[in-house]
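Student: I should like to take a close look at the salt bridges of this structure. Could you please guide me through them, one residue at a time?

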Amino acid sequence: MPLRVVSCPLVFAALLAAQSYQGEITGLVRDSSGGAIPGARIELVQLDTGVKRVVESDVQGRFYLLQLPPGPYRLEVSHTGFHPFERRLALEVGTRAVVDAVLEVGAVAESVQVEAAPPLLETAGGAIGTVVDNARINNLPLNGRNAYELVALSPGIIPTGAFGLAEPAEKRAQASFSAGGSRGLSNDLLLD
């Protein structure tokens, strides 16, 4: 039962409601000299389900894989006359990953695997999020089984409203939180 807390500096609540909690992967395919490689084959496999998606890079070498469910993935980029590039990554709820692939000139039978990659950084948007994993949820006590109290585990979160169990159930349902100094209504909580 992962918990994802998202803080978005949006002015209009209607825009917040339109946000998607699925992930996406974008990137640029280049050769070792920095030139774009159009028409490269990008294959993405979700490791839990085996579902495969295939796209091609555009004339500028860019590719977009949108509306991806959270989970572990294997991304493979290939083009004739270049070594294939492979990377494993895990998408969390609402993650936008940027994976730039540099293909080395060589035979198709050879491949380059990146095993130790730096963690994914959010560079395309202003949303900040934290995932509270199952191990932490199972090992922490919940006073009265109020799962919304797990929001306070995220850095920069200040619970406001009626998070405590002393309040009647109808007031607990109005509980909100401030994330990074934002207003309570400009945050969102996804409980799976």
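Tutor: A salt bridge is a side-chain nitrogen of Lys or Arg within 4 Å of a carboxyl oxygen of Asp or Glu. By that criterion, a search of the whole structure, which is a predicted model, finds three salt bridges.

Let us begin with the pair R96 and E24. These two residues form a salt bridge in which the closest N and O atoms are 2.9 Å apart. R96 belongs to strand β8 (residues 96-98) and E24 to strand β2 (residues 23-31), so this pair ties together parts that are 72 residues apart in sequence. As for their surroundings, R96 has a relative accessible area of 28% and is therefore partly exposed. E24 is likewise described as partly exposed, because its relative accessible area is 22%, and the class of buried residues is reserved for values under 20%.

We now turn to E43, which is located in strand β3 (residues 41-46). Its relative accessibility is 11%, so E43 counts as buried; the cut-off for that class is under 20%. E43 forms a salt bridge with R41, and the closest N and O atoms of this pair are 2.8 Å apart. The side chains of E43 and R41 also make a polar contact, at 2.8 Å. R41 itself has a relative accessible area of 37% and is therefore partly exposed, whereas E43 is buried.

E43 has a further partner. Its side chain meets that of R74 in a salt bridge, with an N to O distance of 3.9 Å. Here the two residues come from distant parts of the chain: E43 lies in strand β3 and R74 in strand β6 (residues 71-78), with their positions 31 residues apart in sequence. Taken together, R41, E43 and R74 are linked in a network of salt bridges.

The wider neighbourhood of E43 completes this picture. When neighbours within four places in sequence are set aside, E43 is in contact with K52, R53 and V54, and also with R74, L75 and E76. R74, the salt-bridge partner of E43, is thus one of the residues in that list of contacts.

To summarise, one salt bridge joins R96 in strand β8 to E24 in strand β2, while E43 takes part in a network with R41 and R74.

Terms used
Residues are numbered from 1 along each chain as its sequence is written. This is a predicted model: local features need pLDDT of at least 70, side-chain atom pairs count only at pLDDT 80 or more; totals for chains, interfaces and linings use all residues. Side-chain values use heavy atoms; hydrogens and water are left out. Helices (H or I, at least four residues) and strands (E, at least two) are DSSP runs, numbered from the N terminus. Buried means under 20% relative accessible area, exposed over 50%, partly exposed in between (1.4 Å probe, protein chains only). A polar contact is a pair of N or O atoms within 3.5 Å; within protein, one must be able to donate a hydrogen and the other to accept it, and residues adjacent in sequence count only if both atoms are side-chain atoms. Contact means heavy atoms within 4.5 Å.
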